[in-house]
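Please report on how this chain is put together. Cover its division into domains, its helix packing and its local backbone features.

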Amino acid sequence: MEKLRTVRGVHDLLPNDLHNHNKVINAGLDISDKYNYCQIEIPIFEFAEVFTKPLGTSSDIVTKENYIFKDRSEDELMLRPEGTSGVVRAFLNAGLVQDVPQRFSYYGPMFRYERPQKGRLRQFKQFGIECLGLSSSMADIEVISLGNDFLCRLGLLNKINLKINSLGDFESRNNYREALVNYLNDYQSNLSTDSLNRLAINPLRILDSKNEVDQKIVKNAPNILDYLNYKSKARFDDICKGLDHLNINYTIDKNLVRGLDYYCHTAFEFTTNELGSQGTVLAGGRYDGLSKMLGGPDVPGVGWAAGIERLALIAQSKFVNKTDVVLIGQSENINYLLLPIMKKLVQKGIKTEIIYNGNLSKKFKRANKIKALYAIILGEEEISKKVIKLKDLKIGSEEFLDLNHAIEIIKINKDLE
RNA sequence: GCGGGUGUAGCUCAGUUGGUUAGAGCGCGGGUUUGUGGUACCUGAGGUCGCCGGUUCGAAGCCGGUCACUCGCCCCA
């Protein structure tokens, strides 16, 4: 190794970035808790089939973007490329089928071997929620509402649009697929090579092609919403009504499809145009077939996942680590007397740093640099008087005080900041 | 995986048609200040010019390769 570095598409998180990520995560955990979703944590790697079975053999996630490997006992394992499959697997393993509905939230790293770009890494984090065991359209509305509140809490609603669509049930989807293929077959010579491939494997995906010629062709293609059977159509109408009722803005996008095989009925995406081609910031849908694909009973589910890096990029704020108090000794041999003072301050919930090095001038420079509110100074004079000197670093005033009195002052004023 | 752009100090960036010792601002260290910070002034450290090879008397600048980032495609959060 000629130089130490991280592997491609895998980044360090320094305090400033991590702070932004944690803001996103905490907003997600907090709002989902209020919706009565409970946090769970599942493994970062699983037996490969946990992902290969439900995601489908046509998805790039499984075919070329996976981190798959054999461990020492020759088990085929895969770093998780997404969260939903693992959550449902955990739900089945725990026997919670007996106890539905279950509402879960989770966050953590995911892995996809993709070409990195801004907002698209090989190790990236998602925050997601899953609602299992409810087939009612109410659950779809609830889940979208939760996503909307989450983004609202991050102050992003004005930067983001919600698009929804329905893929219908199995019957509707099959009918539509047939009609679409029929239509597209007439344009085979004009379609892009990518789309030509998709025509055989997953024709619905041609609908969201960005190729201009493809888009022109797709413009006059049959509309999926016209192919929903009565049940599916009524279900989609209910969801739109529910969103209207909540005053959630959305646009129906008949070309919105999901890449993964397990989706049915509702599909939705919150997108931004501030991140170039990585515009999707939170996306999900209903996946009633997933549980069965994993070998479990038929359990309906609906949920979404959000890209933490992407959200952090557009919700960015400057991280400022403020210190409540610095402790300054007049000379080195006084430093040890500062330790019990620090202990006491920490016990009172006050953020403290002892500045060990340099003369007084340097110590104050350091205090200034770390944006301390107060300095507690201890020297010969203070020791003989059995007090400390409290300095307000904002206005520069100083006074001799009993330590307990100083703590009271600090506690009151630090929270005003 | 395909196509384009970029890579010079910790950060943001200059660096002319290839020419001596590669610069600036910010940041960082020391000092003006032996019980006192922010401002100001003085001063110092910090570079394999991403890496490897080639062309040349001579390369940060040209050529080839490679790595990383970035933009678009693909895909997706």
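Domain bounds here come from an automatic or database domain assignment. The model is predicted. Chain A is divided into domain 1 (15-169 + 229-314) and domain 2 (323-414). Between the C-alpha centres of domain 1 and domain 2 the distance is 49 Å.

**Helix packing**

Three helix pairs are set out below.

| Helix pair | Angle between axes | Axis distance |
|---|---|---|
| α1 (residues 15-34) and α5 (residues 137-153) | about 135 degrees | 9 Å |
| α5 and α9 (residues 230-245) | roughly 40 degrees | within 9 Å |
| α12 (residues 335-347) and α15 (residues 403-414) | about 40 degrees | 11 Å |

Take α1 and α5. Their axes pack at about 135 degrees. Angles over 145 degrees would count as roughly antiparallel, and 65 to 115 as roughly perpendicular. This pair is therefore oblique. The crossing of α1 and α5 is right-handed. On the α1 side, the contact is made by V24, A27, G28, D30, I31 and S32. On the α5 side, L146, D149, F150 and R153 take part. By class, the contact of α1 with α5 holds 5 nonpolar, 2 polar and 3 charged residues.

Helix α5 also packs against α9. The two axes cross at roughly 40 degrees, so α5 and α9 are oblique to each other. Their crossing is right-handed. From α5, the residues S137, D140, I141 and I144 meet α9. Helix α9 answers with R235, D238, I239, G242 and L243. This contact of α5 with α9 divides into 4 nonpolar, 2 polar and 3 charged residues.

The pair α12 and α15 packs at about 40 degrees, with axes 11 Å apart. That angle makes α12 oblique to α15. The crossing of α12 and α15 is right-handed. Here α12 supplies I341, K344 and L345. Facing them in α15 are L403, N404, I407 and I410. The class count for the contact of α12 with α15 is 5 nonpolar, 1 polar and 1 charged.

**Charge pairs**

Side chains of opposite charge can pair when their charged atoms come close. How many salt bridges does the count come to? With a cut-off of 4 Å between side-chain nitrogen and carboxyl oxygen, the count comes to 18 salt bridges. One of them joins the side chains of K34 and D30, at 3.0 Å from N to O. Both K34 and D30 lie in helix α1. They are 4 residues apart, about one turn of the helix. D30 also appears in the contact of α1 with α5.

**Backbone features**

Two loop residues deserve a look. Which peptide bond is cis? The bond from V100 to P101 is cis, with omega near 0 degrees. P101 sits in the loop between α4 (84-93) and β5 (102-111).

The second is N36. Its phi is positive, about 70 degrees, although N36 is not a glycine. N36 lies in the loop between α1 and β1 (38-39).

**In short**

Chain A is divided into two domains, domain 1 and domain 2, with C-alpha centres 49 Å apart. Helix α5 packs with α1 and with α9. Helix α12 packs with α15. Within α1, K34 and D30 form a salt bridge. The loops hold P101, after a cis peptide bond, and N36, with its positive phi.

Technical notes: Residues are numbered from 1 along each chain as its sequence is written. Chains are lettered from A and ligands numbered from 1 in the order in which they are written. This is a predicted model: local features need pLDDT of at least 70, side-chain atom pairs count only at pLDDT 80 or more; totals for chains, interfaces and linings use all residues. Side-chain values use heavy atoms; hydrogens and water are left out. Axes are lines fitted to C-alpha atoms, for helices over the stretch in contact, and angles run from 0 to 180 degrees between N-to-C directions. Angles under 35 degrees count as roughly parallel, over 145 as roughly antiparallel, 65 to 115 as roughly perpendicular and the rest as oblique. A crossing is left-handed if the near helix is turned anticlockwise from the far one by less than a right angle, and right-handed if clockwise. Contact means heavy atoms within 4.5 Å. Ala, Val, Leu, Ile, Met, Phe, Trp, Tyr, Cys and Pro count as nonpolar, Asp, Glu, Lys and Arg as charged, and the others, Gly among them, as polar.
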